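Student: Could you take me through one helix of this model up close, along with whatever sits around it? I'd like the cut-offs spelled out as you go.

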Amino acid sequence: MTEGPEDGAGQGGRRPPHGPAAPAPPPSRVAAGAGLPMRTARRWPARDRADGPAGPARPIRPEAGTRIFPKEMVELIEGLALLDPQPSVASIHRAVVQVAEEKGGEPHIRPDCTSSAIPIVHRASPDRQ
């Protein structure tokens with residue numbers, strides 16, 4: 001049996017998987033129809049062409065899953081969380097910020113945000129949850 005032109009012989013024996021691709025609508029129409037910013041409507045197709053179907057997916061940050069706190073600061077938070085009577089998360093946070101400022105350098109903890117200390121406190125003292 002020989003391959004005819006309808007079998008893809010003119011393309012080296014390969015056929016496109018879904019036939020010829022339809023022309024893409026202009027990014028302005030895509031953006032307006034989907035409620036997206038123009039930049040996103042241009043960027044997603046470019047990432048799709050460069051990286052395939054996984055291209056438009058949200059990229060994983062390289063530091064994801066790692067701690068940015070210095071080990072000494074984590075140990076300080078854990079130690080304060082285990083004191084009896086247990087101090088509040090806010091007072092632990094204030095103490096850590098004060099120590100970080102006294103040591104100088106990058107505090108790695110925002111003075112106005114206790115949420116960075118909460119997960120460490122809860123891991124050190126599960127009964128606080």
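Tutor: Let's start with helix H4, residues 89-103: at 1.5 Å a residue its 15 residues should span 21 Å, and the end C-alpha atoms are indeed 21 Å apart, so the two agree. The expected span here is 1.5 Å times one less than the number of residues, and helices (H or I, at least four residues) are DSSP runs numbered from the N terminus.

Before going on, a word on where this comes from. This is a predicted model, in which local features need pLDDT of at least 70 and side-chain atom pairs count only at pLDDT 80 or more, while totals for chains, interfaces and linings use all residues. Residues are numbered from 1 along each chain as its sequence is written, and side-chain values use heavy atoms, with hydrogens and water left out.

Back to H4. Its buried residues are Val89, Ile92, His93, Val96, Val97 and Ala100. They cover an arc of only 130° around the axis, so they sit on the same side of H4; the arc is taken from the directions from the helix axis to the C-beta atoms. Over on the other side, Arg94, Glu101 and Glu102 are exposed. Buried means under 20% relative accessible area and exposed over 50%, with a 1.4 Å probe and protein chains only. What do the buried residues of H4 pack against? That would be helix H3 (71-81) and H5, where contact means heavy atoms within 4.5 Å. Right after H4 comes Gly104, with a positive phi of about 80°.

Now for H5, which holds Ile120. Ile120 is buried, at a relative accessible area of 3%. C-alpha to C-alpha, Ile120 is 6.9 Å from Ile77, though 43 residues separate them in sequence.

Ser125 lies in the segment after helix H5 (118-124), and Ser125 is buried as well, with a relative accessible area of 3%. Leaving aside neighbours within four places in sequence, Ser125 touches Ala81, Leu82 and Gln86. With Gln86, the Ser125 side chain makes a side-chain polar contact at 3.2 Å; that term means a pair of N or O atoms within 3.5 Å, and within protein one must be able to donate a hydrogen and the other to accept it, with residues adjacent in sequence counting only if both atoms are side-chain atoms.

As for confidence, the protein chain averages a pLDDT (the predictor's confidence in each residue, from 0 to 100) of 77, and 75% of the residues score at least 70. Over residues 1-5 the pLDDT is below 50.

Note on methods
Helix = DSSP H or I, 4+ residues; strand = E, 2+ residues; numbered from the N terminus.
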